[in-house]
Structure formats: structure tokens, C-alpha cells
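Okay, thanks for squeezing me in. I'd like to walk you through one model today, so let me put it up on the screen.

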Amino acid sequence: MSRRKTLSRSKKLALLAGTAVLAGGTAVVMTGTSQASVACDGLATALANNEQFIAGQRANPDAQSEARIANRLAVIEEIKRKQAASGCEVGGGGAAEAAPPAEAAPPAEAEPPAEAAPPAAGGEVVCAGSTVTLSGEGGAPAASSNQFPAGTRLKVTNLDNDKSTTVEVTSTSGSCVLLNDAAFEQVREAGKFLIRNARIERVG
């Protein structure tokens, strides 16, 4: 009888250990999937922003529209290459469509509490509630915006890691602020292409 009990206990322990290993493996897979999802969401948002910008240029063209469109088409191709390299669905998908509403939330800017804090921070908080992603453009650290003219200086802080960068707006985009690759690298978290928790300030 004692041998049977010993064998029974051994089997139970082996089963419990196997279950723990499987659970741990599942947690690792889920964590990896979650990080990949954040990266894919950011790239999809960047893609949607650039497509939105192109649509706006085509709807209201001017003398520089063709050049801007050509530039943004090149940026879109670069974003698609990044999507493929990251294992994301190339072309964006649902995540890209979900981004514009979050960035088209100017009503939040009108809230007095959000804009009462700037003096202490040294700049006027703008685009409250907006997410920040990358435009995919190269060059020295810079930004593009649909709300501020070229020459405006904006400070972008990633509140998740307390990293910040101050850049000058150099072109137009489809959202409050898009950072080019160099600027985004200064504030990003590893493996992420989207800053969900950001503070944007107009300075100078």
C-alpha cells in the first residue's frame, strides 16, 4: 500500500510541475504577444496618419501637394517594411482606424484643469489626451503637426518612462504631433511605436 501511495503522490507532483511549466510558458507567450501588439498598433497608427495626410492633400491641393504626397508615400512604404519586420499585418488593419478618434479629441484641450498646470512645467500643455507616434521620416529630430505651423517648438514627454524631447515643427501631418524617427528614438520604450501616455507642451 505504501508503494502505491508513494507512486500516486509522485504522479501528482509531476502533473502539478508540468501544469506550472505550461502556465509559465503561456505567460511568456502572452507577454510577447502583448508587446508585439503595442508595436503593431503604433505602426498602424503611423500608417493611418500618413494616409490621412495624403487624403487631405489630394482633397485640397496646392503647389507643394505633389511633393508632399510623394514624400509621404515613401514614408508609408518604410512603415510597411517595419510592419513586416515586426510580424505585424502589413497595411494596418483595425488598429489604424481606431487612432484618429483618439487624436481628434480637441474637446479635452478645453478642460481648464489640464491647461492650468503648464506654467509649472514651463510650457503650455496642448492636445490633451493625444497619443504620439512616429511619422517614419528621417533626418534630425523634428516633428510634424496639423495644429501648429512650421517653427513651433513642442516638448513631448513619455510619461511611462519620463523621457522627453523638444523639437521644432517642420511640416504638416494628420495629427497634433508626429515625431520623426530620430525624435521618437529619444523618448520611446523599447519595442514600442506608440506613446499612449504623453504630455505635449508648446514652448518658446
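Before I point at anything, one bit of vocabulary: I'll call two strands paired if DSSP finds at least two bridges between them. With that in hand, look at V126, which stands opposite I200 in β8. And keep in mind throughout that this is a predicted model.

So, the overall layout. The protein has six helices and eight strands. If you read along the sequence, you get α-α-α-α-α-β-β-β-β-β-β-α-β-β. So that's the pattern, with 204 residues in the protein, 37% of which count as buried. On contacts: take those with a separation of 6 or more, and 72% of them come from residues 24 or more positions apart.

Now the sheet. What order do the eight strands take? It goes β1-β8-β4-β5-β3-β6-β2-β7, an open sheet with mixed pairing. At the edges you have β1, residues 124-126, and β7, residues 194-195, and each of those pairs on one side only. As a reminder, strands of a sheet pair through backbone hydrogen bonds, either parallel or antiparallel.

Let me zoom in on β8. On one side, β1 and β8 run antiparallel and are joined by three bridges. We've already met V126 opposite I200, and E124 stands opposite R202, again in β8. On the other side, β4 and β8 also run antiparallel, with six bridges between them. There, N158 has A198 in β8 as its bridge partner.

Okay, inside. The general expectation is that in soluble globular proteins, nonpolar side chains tend to be buried together. Here the largest nonpolar core has 31 residues, and the members touching the most other members are V132, F148, V177, L179 and I200. Who supplies it? At least two residues each come from α1 (2-59), α2 (65-85), β2 (132-134), β4 (153-158), β5 (163-172), α6 (181-187) and β8 (198-203). The biggest giver is α1, with six residues.

Take V132 as an example. If you skip its neighbours within four places in sequence, V132 is in contact with V156, V177, L179, F184, L194, I195, A198 and I200. Two names on that contact list, A198 and I200, should sound familiar from the sheet: A198 was the bridge partner of N158, and I200 was across from V126.

Let's move to helix α6, where A183 lies. Is A183 buried or exposed? A183 is buried, at 0% relative accessible area. Leaving out its neighbours within four places in sequence, A183 contacts P141, A142, T165 and V167. Sitting between those last two in number is T166, and the C-alpha atoms of A183 and T166 are 8.4 Å apart, with the two positions 17 residues apart along the chain.

Staying with α6, let's talk charges. By the rule used here there are nine salt bridges. One of them links D181 and K82, with the closest N and O atoms 3.4 Å apart. D181 is in helix α6 and K82 is in helix α2, so this pair ties together parts that are 99 residues apart in sequence. D181 itself counts as partly exposed, at 22% relative accessibility.

Another salt bridge is E185 with R188, where the closest N and O atoms come to 2.6 Å. E185 is partly exposed at 48%, whereas R188 counts as buried at 15%. R188 has a second partner too: R188 lies over the face of F193, 4.6 Å from the ring centre.

Then there's E201 with R199, the closest N and O atoms being 3.2 Å apart. Which of those two is buried? E201 is, with a relative accessible area of 0%, while R199 is partly exposed at 28%.

Last stop, the rings. There's another arginine over a ring: the charged end of R72 sits over F53, 4.3 Å from the ring's centre. How many aromatic pairs are there? By the rule used here, zero.

If you want one place to start when you open the model yourselves, I'd go to β8: it lies between β1 and β4 in the sheet order, and I200 is among the core members that touch the most others. Okay, that's me done.

Conventions: Residues numbered from 1 in each chain as written. Predicted model: local features only at pLDDT ≥ 70, side-chain atom pairs only at ≥ 80, totals over all residues. Heavy atoms only, no water. Phe/Tyr/Trp six-rings, centres within 6.5 Å; stacked < 30°, edge-to-face > 60°. Lys NZ or Arg CZ within 6 Å of the ring centre and 35° of its normal. Core = buried A, V, L, I, M, F, W, Y, C linked by side-chain atoms within 4.5 Å. Buried < 20%, exposed > 50% of the residue type's maximum accessible area, 1.4 Å probe, protein only. Helix = DSSP H or I, 4+ residues; strand = E, 2+ residues; numbered from the N terminus. Contact = heavy atoms within 4.5 Å. Salt bridge = Lys/Arg side-chain N within 4 Å of Asp/Glu carboxyl O.
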